[in-house]
Amino acid sequence: MTARIDHLVTSGTFSLDGGTWDVENNVWIVGDGAEAVVIDAAHDADAILEALDGRTLRAIICTHAHNDHIDAAPALASRTGARIHLHPDDLPLWKQTHPDTPPDVDLTDGQVLTIAGVDLTVLHTPGHAPGAVCLYAPDLGTVFTGDTLFRGGPGATGRSFSDFPTIIASIRDRLLTLPPDTVVRTGHGDSTTIGEEAPHLPEWLSR
């Protein structure tokens, strides 16, 4: 079977530093007709299970541990048996949401996760969060960037655990070096491409 990318949008809240905001999150499912992985189990385990449509869930991969990207992860794991993957640098954020349910597997830079014959390479891209990662799938011509890179610029760095120079370095060194036609599938909002975003780096640096 040929691997494909499925997409759903879930709604909930993002909370950090004493504030709470309504948000819509992109949930990405990579797999074929038999098996899949979920990238960012946000808000609604029922909706994600419905989108899986009976496929075996091999892994729940977290691009970072802000609550809106992980709030449904333990429920989804308990209902499917899939293990939760997170970069260990984001454990302090994870524990704010799930203090009694640790993730199962550490993500590491350069690690390759394979699903339905497709390789997902883990790129550690700190800045929005210390353990933020992107997942590059060259066979699918795409990179899943979480909240590191959006259409129009880098993810937010105005709150705890974030740093603007760090996210710029991550984007410049780890993402803008990918082929220009690579589709950027983000944690919120519309997709873009590396080629569309790369020319804007100088203006981001001047912010």
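Aspartate 147 is buried in this predicted model, yet no salt bridge goes with it. Look for a side chain of opposite charge and the nearest you'll find is arginine 159, 8.1 Å away. What the aspartate 147 side chain does have is a polar contact with histidine 64 and another with histidine 188. Below is a quick tour, starting at that spot and moving on to strands, a helix and a few loops.

**Around aspartate 147**
- Aspartate 147 sits in the loop that links β10 (142-146) to β11 (149-150).
- The side-chain polar contact with histidine 64 comes out at 3.5 Å, and the one with histidine 188 at 3.3 Å.
- Setting aside neighbours within four places in sequence, aspartate 147 also has His69 and His128 among its contacts, along with Gly155, Ile167 and Gly187.

**The β1-β2 hairpin**
- Strands β1 (residues 4-16) and β2 (residues 19-31) run antiparallel and are joined by 13 bridges.
- If you want one pair to check, threonine 13 has aspartate 22 in β2 as its bridge partner.
- Two residues lie between the strands of this hairpin, and aspartate 17 in the turn has a positive phi of about 55°.

**The six-stranded sheet**
- The sheet is open and mixed in its pairing, with the strand order β7-β8-β9-β10-β13-β14.
- β7 (112-115) and β14 (192-193) are the edge strands; each has a single partner, so one side of each has no neighbour in the sheet.
- β13 pairs with β14 through two bridges in the antiparallel sense, and one residue pair to look at is valine 184 with threonine 192 in β14.
- Valine 183 belongs to β13 (residues 183-186), and at a relative accessible area of 25% this residue counts as partly exposed.
- Beyond its neighbours within four places in sequence, valine 183 is in contact with Gly141, Thr142 and Val143, and also with Ser191, Thr192 and Thr193.
- Isoleucine 194 is eleven residues from valine 183 along the chain, and their C-alpha atoms are 6.6 Å apart.

**Helix α3**
- Ala73, Pro74, Leu76 and Ala77 are the buried residues of α3 (residues 73-80).
- Those four span an arc of only 160° around the axis, which means they are on the same side of α3.
- What do the buried residues of α3 pack against? On the strand side of the list are β3 (35-39), β4 (56-61) and β5 (83-86); the helices are α1 (45-52), α2 (67-70) and α4 (91-97).
- Glycine 81, just after α3, takes a positive phi of about 80°.

**Loops and positive phi**
- Histidine 43, in the loop between β3 and α1, has a positive phi near 70° despite not being a glycine.
- Aspartate 53 is another non-glycine residue with positive phi, near 55°, and is found in the loop between α1 and β4.
- Buried or exposed: which label fits histidine 43? Its relative accessible area is 18%, so histidine 43 is buried.
- Aspartate 53, in contrast, is exposed, with a relative accessible area of 66%.
- Proline 126 lies in the loop between β8 (118-124) and β9 (133-137), where it touches Ala132, Thr166, Ile167 and Ser170, not counting residues up to four places away in sequence.
- From proline 126 to threonine 56 is 70 residues in sequence, and 30 Å in space from C-alpha to C-alpha.

Terms used. Residues numbered from 1 in each chain as written. Heavy atoms only, no water. Buried < 20%, exposed > 50% of the residue type's maximum accessible area, 1.4 Å probe, protein only. Lys, Arg positive; Asp, Glu negative; His and termini not counted. Salt bridge = Lys/Arg side-chain N within 4 Å of Asp/Glu carboxyl O. Polar contact = N/O pair within 3.5 Å; in protein donor to acceptor, adjacent residues only side chain to side chain. Contact = heavy atoms within 4.5 Å. Pairing = 2+ DSSP bridges. Arc of directions from axis to C-beta.
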